[in-house]
Amino acid sequence: MAEIDWMLKDVKVAVDDAVNIKSLYKLLKNWLIKFRYDYYEKEHIEDMKPEDAKNISIKMEADKKIDDYTKFHIELRLKGKDLKPVMRDKELCVKGNVSVSFEAFLENDYEGKWDSPFYLKLYRTVYDKYIASDKYEKNANNLKDEANDLITKTKSFLRVEEFKR
């Protein structure tokens, strides 16, 4: 079984204003492509409410193989609550509560090659703790840096959207 170490858990960026959801989604998607993550939409839900309001929930999962032993994972959830369409600067936006949640974790032995027999699991533990600890720290820092970069870009996008009013 793979070993998972959380680097970021439930970090949330939110704004209650007019936001171009398509541009926000495109920003997130392009960032994942630029940093060579394989991503997919695990969930895409839209519910229509009375008076043209709607709620959306989009969950994206992304992973990147670092080597045969380590994978980076980033999970995003884009949520919108009580969104109503509005026009701003000749572009269609939605006004309401928009939030993006981030989680990032490092997965070691993602193929489970070192799980059985017992002595391989023991060897993996010794290897992780004493032999490859520098490599682990480097990978952990790289994942934290990448996730924080994505969070910063998202915050900047939402802040710019806020100032456009």
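Colleague: Which residues are linked in a network of salt bridges?
Modeller: This is a predicted model: local features need pLDDT (the predictor's confidence in each residue, from 0 to 100) of at least 70, side-chain atom pairs count only at pLDDT 80 or more, and totals for chains, interfaces and linings use all residues. Numbering starts from 1 along each chain as its sequence is written, and side-chain values use heavy atoms, leaving out hydrogens and water. A salt bridge has a side-chain nitrogen of Lys or Arg within 4 Å of a carboxyl oxygen of Asp or Glu. The linked residues are Glu3, Asp109 and Arg124.

Colleague: How many salt bridges does the structure hold?
Modeller: One of them joins lysine 113 to glutamate 111, with the closest N and O atoms 3.1 Å apart. The whole structure has this many: 11.

Colleague: Is lysine 113 buried or exposed?
Modeller: Buried means under 20% relative accessible area, exposed over 50%, and partly exposed in between (1.4 Å probe, protein chains only). Glutamate 111, its salt-bridge partner, is partly exposed at 44%. Lysine 113 has 53%, so the word for it is exposed.

Colleague: How many residues apart in sequence are the parts tied together by lysine 135 and aspartate 67?
Modeller: Lysine 135 and aspartate 67 form a salt bridge, with closest N and O atoms 2.8 Å apart. Lysine 135 sits in helix 3 and aspartate 67 in the loop between strand 3 and strand 4, so the pair ties together parts whose separation in residues is 68.

Colleague: Is glutamate 61 buried or exposed?
Modeller: Glutamate 61 bridges to lysine 59, the closest N and O atoms being 3.6 Å apart. Lysine 59 has 19% relative accessibility and counts as buried. Glutamate 61 has 12%, so it too is buried.

Colleague: Which helix or strand gives the largest share of the largest nonpolar core?
Modeller: A nonpolar core is a set of buried Ala, Val, Leu, Ile, Met, Phe, Trp, Tyr and Cys residues joined through side-chain atoms within 4.5 Å. The largest one has 34 residues, and Ile74 is among those with the most contacts inside it. Strand 1, helix 1, strand 3, strand 4, strand 5 and helix 3 each supply at least two residues (helices are DSSP runs of H or I, at least four residues; strands are runs of E, at least two; both are numbered from the N terminus). The largest share, 7 residues, comes from helix 3.

Colleague: Which residues does asparagine 139 touch, not counting those up to four places away in sequence?
Modeller: Asparagine 139 lies in helix 3. Its relative accessibility is 7%, so asparagine 139 is buried. Contact means heavy atoms within 4.5 Å. The residues touched are Ile66, Thr70, Phe72 and Leu106.

Colleague: What is the accessible area of the nonpolar patch with Leu122?
Modeller: Leucine 122 is in helix 2 and is partly exposed at 47%. Patches take residues with over 30% relative accessible area and no salt bridge, joining like charges within 9 Å and nonpolar side chains (Val, Leu, Ile, Met, Phe, Trp, Tyr) within 5 Å. This surface patch is formed by Phe118, Leu122, Tyr123, Val126, Tyr130 and Ile131. Together their accessible area (Shrake-Rupley, 1.4 Å probe, only the protein chains shown as cover) is about 690 Å².

Colleague: Which element has the lowest mean pLDDT?
Modeller: The protein chain averages 90, and 96% of the residues score at least 70. Strand 3 has the highest mean, 96. The lowest mean, 83, belongs to helix 2.
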